[in-house]
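User: I am new to this structure and would like a close look at a single part of it, the place where two of its helices cross. Please take me through that contact and what surrounds it.

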Amino acid sequence: MNAANIKLYIASQIKKYRKLAGLTQKELGEKIGVKHNTISSYESGTNEPEQDMLFKIANALGVSINDLFPPTENPRFGQGIPSSKIGDDTSDLMRSLSNSPKLLKLARNAADLKEDKLDQLNALIDFFKNGGKNA
C-alpha cells in the first residue's frame, strides 16, 4: 500500500471509529483539543495527524492506534492471528460497544484494572451468565 492510500485509509478509520463511538467531529475535537474543522480535514485526508495526535485520537475513540492503520501480518512472530482477523473482531466489538452505553462504560472502567482484578471481574460475569451459580 502506498503512502497516499495509507493516508486515505487512516482518514476513513478515524471517521468510522468516531461514528461507532457516537461522537460528532466537534465532540472528538473537544476531547483531543482541536477544532471540528481539523477533525474534518483528518477524515477527508486533506491533512494528516501527527503521531502524538493519532495516539490522542485512538485514546479518545477507545481503540488501539493499530486500528487506525491498514492490517499487516508480521512473519517474525510466527503463526499468530493475522491482524486482518483481529480487525474484524475489533469492528464487531466496536459495534457492540456503540450499541450499548452500559457495556461501553463497563469496558472503559475495566480498561484500568490490573490482571488479577480483570480475572475477578470475568469470574463475576461468568457467575451472572450462569444464573448466579458458580461454573
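Analyst: In this predicted model, helix H2 passes helix H4 in a right-handed crossing. The two helices pack at an angle of about 115 degrees, and their axes lie 9 Å apart. On the H2 side the contact is made by Leu28, Lys31 and Ile32, which meet Met53, Lys56, Ile57, Ala60 and Leu61 of H4. Sorted by character, the residues of this contact comprise 6 nonpolar and 2 charged ones, with no polar residue among them.

The crossing also leads into the largest nonpolar core, which has 21 residues; Leu28, Ile32, Ile57 and Leu68 are the members that touch the most others. Leu28 and Ile32 belong to the H2 side of the contact just described, while Ile57 belongs to the H4 side. Helix H2 spans residues 25–32 and helix H4 spans 51–61, and each of them supplies at least two residues of this core, as do H1 (3–20), H3 (36–44) and H5 (83–99). The greatest contribution comes from H4, which gives 6 residues.

Leu68, another of the core members that touch the most others, can be followed back to H4 through its neighbours. Leaving aside residues up to four places away in sequence, Leu68 touches Leu54, Ile57 and Ala58, and its contacts also include Tyr9, Ile10, Gln13, Ile14, Tyr17 and Val63. Ile57 therefore appears in both settings, since residues count as being in contact when heavy atoms lie within 4.5 Å: Ile57 meets the residues of H2 at the crossing, and Ile57 is also touched by Leu68.

How values were computed. Residues are numbered from 1 along each chain as its sequence is written. This is a predicted model: local features need pLDDT of at least 70, side-chain atom pairs count only at pLDDT 80 or more; totals for chains, interfaces and linings use all residues. Side-chain values use heavy atoms; hydrogens and water are left out. A nonpolar core is a set of buried Ala, Val, Leu, Ile, Met, Phe, Trp, Tyr and Cys residues joined through side-chain atoms within 4.5 Å. Buried means under 20% relative accessible area, exposed over 50%, partly exposed in between (1.4 Å probe, protein chains only). Helices (H or I, at least four residues) and strands (E, at least two) are DSSP runs, numbered from the N terminus. Axes are lines fitted to C-alpha atoms, for helices over the stretch in contact, and angles run from 0 to 180 degrees between N-to-C directions. A crossing is left-handed if the near helix is turned anticlockwise from the far one by less than a right angle, and right-handed if clockwise. Ala, Val, Leu, Ile, Met, Phe, Trp, Tyr, Cys and Pro count as nonpolar, Asp, Glu, Lys and Arg as charged, and the others, Gly among them, as polar.
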